[in-house]
Amino acid sequence: MGGLDDLYQQLILDHYRNRRGRGRIENASASVHEHNPVCGDECYLDILVVDDRLVEVRSDGDGCSISQAAASMLTEVAEGKQLDEALDTVEHFRLMMHGETEPDEDVLGDAIALEGVAKYPVRVKCALLSWLALRDAIAGYRETTAHGG
Ligand code: ZN
């Protein structure tokens with residue numbers, strides 16, 4: 001206990017108070033709305049994809065500090081990544097939240113600060129909400145482009 005926990009706590013609060021990537025994208029490639037009924041968190045996630053890359057990621061919505069900080073960290077980490085790379089990152093985050101992997105800061109960026117949330121099952125859904133929204137958005141985008149030609 002001590003130093004690292006405090007640092008992580010401050011990172012979470014900082015992302016909660018100063019949301020990165022907050023807002024919507026007018027001409028989004030895909031949009032997803034997720035809701036966590038257990039806590040009341042709302043998440044809108046928009047992505048803009050060019051050449052299989054996430055050139056823009058925006059999230060909006062309201063909820064508890066964990067859900068909002070997680071969304072902020074997600075936009076920061078995901079923006080600029082190739083779609084497959086972004087999906088790998090989401091999966092790594094999901095495994096961390098279930099305590100099933102050793103988290104890698106190089107992959108997760110500031111989101112590594114949410115590691116401790118894995119100890120609170122009720123809060124895990126809050127942290128995962130926006131990240132799984134990104135997974136759904138990418139899947140939705142791929143479905144659209146596959147059918148649309
Ligand atoms: Zn929540």
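**Entry 1: Asp14**

I looked up aspartate 14 and found it partly exposed, with a relative accessible area of 31%. I keep in mind that this is a predicted model. Aspartate 14 lies in helix α1. I then checked its distance to asparagine 27. The two are 13 residues apart in sequence. In space, their C-alpha atoms are 29 Å apart.

**Entry 2: Helix α1**

I checked the length of α1, which covers residues 3-17. With 15 residues at 1.5 Å a residue, α1 should span 21 Å. I get 21 Å between its end C-alpha atoms, so the span agrees.

Next I asked which residues of α1 are buried. They are Tyr8, Ile12 and His15. These residues cover an arc of only 70° around the axis, which puts them on the same side of α1. I turned to the face away from that buried side. There I found the exposed residues Gly3, Gln10 and Arg17. What covers the buried residues of α1? I noted that α2 (65-78) is included in the cover.

**Entry 3: The zinc ion**

I listed the donors of the zinc ion. Cys39, Cys64 and Cys126 each coordinate through SG. Asp41 appears twice in the list, through OD both times. The distances run from 2.2 to 2.7 Å. Along the chain, the donors follow the spacing C-x1-D-x22-C-x61-C. One pair links distant parts of the chain: aspartate 41 and cysteine 64, 23 residues apart. I placed aspartate 41 in strand β2 (residues 41-50). Cysteine 64 sits in the loop between β3 (53-60) and α2. Are aspartate 41 and cysteine 64 buried or exposed? I found both buried.

**Entry 4: The sheet**

I traced an open sheet of three strands. The order is β1-β2-β3, and the pairing is antiparallel. β1 (30-36) and β3 stand at the edges with a single partner strand each, so one side of each has no neighbour in the sheet. I get an average twist of 20° from one strand to the next.

I then looked at what lies over the strands. α2 lies across β2 and β3. It runs at about 165° to β3.

**Entry 5: β1 and β2**

I counted the bridges between β1 and β2. There are seven, in the antiparallel sense. Histidine 35 stands opposite glutamate 42 in β2. I also sorted β1 by face. Its covered face holds Ala30, Val32, Glu34 and Asn36. Its uncovered face holds Ser31, His33 and His35. So far I have histidine 35 on the uncovered face of β1 and opposite glutamate 42.

I looked at the turn next. β1 and β2 form a hairpin with four residues between them. Glycine 40 in that turn has a positive phi of about 90°.

**Entry 6: β2 and β3**

How many bridges join β2 and β3? I found seven, again with antiparallel pairing. I noted two partners in β3. Valine 49 has leucine 54 as its bridge partner. Tyrosine 44 has aspartate 60. The two strands form a hairpin with two residues between them.

**Entry 7: Asp51 and Asp52**

I checked the backbone in the loop between β2 and β3, where aspartate 51 is found. Most residues other than glycine have a negative phi. Aspartate 51 has a phi near 50°, a positive value in a residue other than glycine. I noted its place in the turn of the β2 and β3 hairpin. Aspartate 51 is exposed, with a relative accessible area of 70%.

Aspartate 52 is found in the loop between β2 and β3. Its phi is positive too, at about 65°, although aspartate 52 is not a glycine. I read its relative accessibility as 36%, so aspartate 52 counts as partly exposed.

Note on methods
Residues numbered from 1 in each chain as written. Predicted model: local features only at pLDDT ≥ 70, side-chain atom pairs only at ≥ 80, totals over all residues. Heavy atoms only, no water. Expected span 1.5 Å × (residues − 1). Buried < 20%, exposed > 50% of the residue type's maximum accessible area, 1.4 Å probe, protein only. Arc of directions from axis to C-beta. Contact = heavy atoms within 4.5 Å. Donors = N, O, S within 2.8 Å, 3.2 Å for Na, K, Ca; no water. Pairing = 2+ DSSP bridges. Axes fitted to C-alpha atoms, helices over the stretch in contact; angles between N-to-C directions.
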